[in-house]
Amino acid sequence: MKKELLLSASAIALMVGCSDTVVNSYDEAKAKAKITVSVLDGSSNEAIDSAAVKAQFENESSYTDENGFAIYNKNDIGSYVFDISKKGYSTTRATVSVVEMGANDVSRVPDVVLTVPLYKADVTVKGKVYYRDRTTGNLIPADSVKVVLSYAGSTKPTETESASSLKKSESGSAAEEPTFIIYPSEVFAVTNDKGEYEFTNVAEMVNFYIDVLQSKIDSKYYRSAGYVSASGARAGSIKNMEEITMVADGEIPKLLNSNLDAIDDSVDLEFGFSTELDQDSVDGFWTVKKAGSKVLTTASLSKDKKVITISPLSDSWSHGDSYSVEGVVYSKDGVRITVSKTFSVGSVAIPKHVSNPKVKLDESRYDEDYPASYNFRINGYLKLTWTPNTKDVSGYNIYYQTNVMDDFIFFAETADDSSYSRSINSLAFINDTTVKKVDFIILPYNGAGEPSVSKAKKVTWTIPEIKDEDEEEEE
């Protein structure tokens, strides 16, 4: 009657409230459990009637009686997720497990009482965000930046609760502690021209923190200098938060690849970086030495301003000799890093670029009993495939760039020579509604490094719009 539901690790990361899980005396042999959801006011501990209790992925809700109970009979072994809501309260998502606690061939599945606290959603949270201008040093109200309120904090079960919820049977099985989250666990607001933000309907008595996402202001990047947090606000109150200050956050150049392990007599040095560089990165800041003595070289910046090429003034390096190279590079925002490497002349070549890169949604793990949105987020996988063109490859580095990002950043590393998969539920950008497309590049590497990123072929994944059948019918 009830399906076994699996909840991802990311969905249970933020826990609030506490719980009592009561198991019956399991003298009676039985294979299914009764789950009683007991809903209480998180402040007064009084029972809440007429609260909607919806088992995840079922179409209809049950409602608690005058004692705050909603009962689900004949549940198989497995995990169950419930969304509990009532007008005036924050929705809480609770997860509980039904486990086998019998011995030998006798099934004894205990009944479970899941006690869920609901917290009134009637706190108003206000604050201001400023940014420190990188030129003048003045604090200026940050207009149109995205602010996020995240529920956090947890209350661990008491020893008594732990003993009851983790009672072991002769077979060694143990019930898992229920988990709770305020749902959704993150909410967003945008500042006005005075740098002000406001959150309404925040849950009372629940810990939360507020931070600001990295933002572009006047074509420059800024980040939060630190988040602010609060807890224990009462329903109907207004909580004024400390000011949040944003500071300059230039993009840090990262050395993505080089050909230092594949230098022959007439091959120039190449360093590929993750972001555009300032011209100062090549004007007199690179030094090449052989046996401690400086070698005359010239340095140049590619058209896309991401690759530095260093050439010996003599048009060739000395075959069989070793060199050291050191340089300083600056991003367009003025962020500086130092590169210090060594290389020998006459070594193996770096790998060639892969061919035929592809990306798709892997639906092979979908379960027809679940709605499309659940299958996409929980059972769906993003799969990248390609054809290698070099045998001597140690692994593959994968980089990605969304339609709201300026540069490619590291995504994953794999030793597989033709494919890589990752769960949709683990993708950091999947919950950002502004992300519509994602580009990937796949770079093979070995002891000689990676091939030039400027010649890598990118492949694009368009994030599908997934709707359940009941949503389509409503439309």
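Biologist: What share of the contacts between residues at least 6 apart in sequence joins residues at least 24 apart in the protein chain?
Modeller: The share is 69%. A contact here means heavy atoms within 4.5 Å. Bear in mind that this is a predicted model.

Biologist: What makes up the secondary structure of the protein chain?
Modeller: There are three helices and 35 strands. The chain has 475 residues, and 43% of them count as buried. The accessible surface is about 24600 Å², with 45% belonging to carbon and sulfur atoms.

Biologist: Why is Thr-92 called buried?
Modeller: Its relative accessibility is 1%. Buried means under 20%. Thr-92 therefore counts as buried.

Biologist: Where is Thr-92, and what is it in contact with?
Modeller: Thr-92 sits in strand β7, residues 92-98. Leaving aside neighbours within four places in sequence, its contacts are Phe-82, Asp-83, Ile-84, Val-116, Pro-117, Leu-118, Phe-180, Ile-181 and Ile-182.

Biologist: Is Tyr-72 buried or exposed, and how do you know?
Modeller: Its relative accessible area is 4%. Exposed needs over 50%, buried under 20%. Tyr-72 is therefore buried. Its place is strand β5, residues 69-75.

Biologist: What separation do you find between the C-alpha atoms of Tyr-72 and Ile-35?
Modeller: They are separated by 5.1 Å. Along the chain, Tyr-72 and Ile-35 are 37 residues apart.

Biologist: On to the sheets. What makes β24 and β28 edge strands?
Modeller: The open sheet has four strands in the order β24-β23-β27-β28, with antiparallel pairing. β24 (293-295) and β28 (336-344) each have a single partner strand, so one side of each is left without a neighbour in the sheet. From one strand to the next, the twist averages 30°.

Biologist: How do you know that β23 and β24 pair?
Modeller: Pairing takes at least two bridges. Strand β23, residues 286-290, and β24 have three, in the antiparallel sense. That meets the cut-off, so they count as paired. Val-288 stands opposite Val-295 in β24.

Biologist: What joins β23 to β27?
Modeller: Four bridges join them, and the two strands run antiparallel. The cut-off is at least two, so this is a pair as well. Strand β27 covers residues 322-330. Thr-287 faces Glu-326 in β27.

Biologist: How many bridges support the pairing of β27 and β28?
Modeller: Nine, in the antiparallel sense. Tyr-323 stands opposite Phe-343 in β28. The two strands form a hairpin with five residues between them. In the turn, Gly-334 has a positive phi of about 90°.

Biologist: Why is Ser-331 called buried?
Modeller: Ser-331 has 2% relative accessibility. The limit for buried is under 20%. Ser-331 therefore counts as buried. Its place is in the loop between β27 and β28.

Biologist: What does Ser-331 touch, not counting residues up to four places away in sequence?
Modeller: Ser-331 touches Glu-251, Pro-253, Thr-275, Glu-276, Leu-277 and Asp-278.

Biologist: Which strands stand at the edges of the open sheet β32-β31-β34-β35, and why?
Modeller: The edge strands are β32 (409-414) and β35. Each has a single partner strand, so one side of each lacks a neighbour in the sheet. The twist averages 30° from one strand to the next. Pairing in this sheet of four strands is antiparallel.

Biologist: How do you know that β31 and β32 pair?
Modeller: Strand β31, residues 395-402, and β32 share five antiparallel bridges. At least two are needed, so the pair stands. Tyr-399 is opposite Phe-410 in β32.

Biologist: Which residues of helix α2 are buried, and what covers them?
Modeller: In α2, residues 372-379, Tyr-374, Asn-375, Phe-376 and Asn-379 are buried. Their cover includes β29 (355-362), β30 (381-387) and β35 (459-462).

Biologist: What makes a void in this model a cavity, and how many reach 30 Å³ or more?
Modeller: In a cavity a 1.4 Å probe fits but cannot get out. The structure holds one of 30 Å³ or more. The largest cavity has a volume of about 30 Å³.

Biologist: Which residues line the largest cavity?
Modeller: The lining is His-353, Val-354, Ile-442, Ala-456 and Lys-457.

Definitions and conventions:
Residues numbered from 1 in each chain as written. Predicted model: local features only at pLDDT ≥ 70, side-chain atom pairs only at ≥ 80, totals over all residues. Heavy atoms only, no water. Buried < 20%, exposed > 50% of the residue type's maximum accessible area, 1.4 Å probe, protein only. Areas by Shrake-Rupley, 256 points an atom, 1.4 Å probe, with all protein chains shown as cover. Axes fitted to C-alpha atoms, helices over the stretch in contact; angles between N-to-C directions. 1 Å grid on protein atoms, 1.4 Å probe; cavity = no way out; pocket = protein on both sides within 12 Å on 5 of 7 lines; lining within 4 Å. Points joined across faces, edges and corners; volume = space filled by probe spheres on them.
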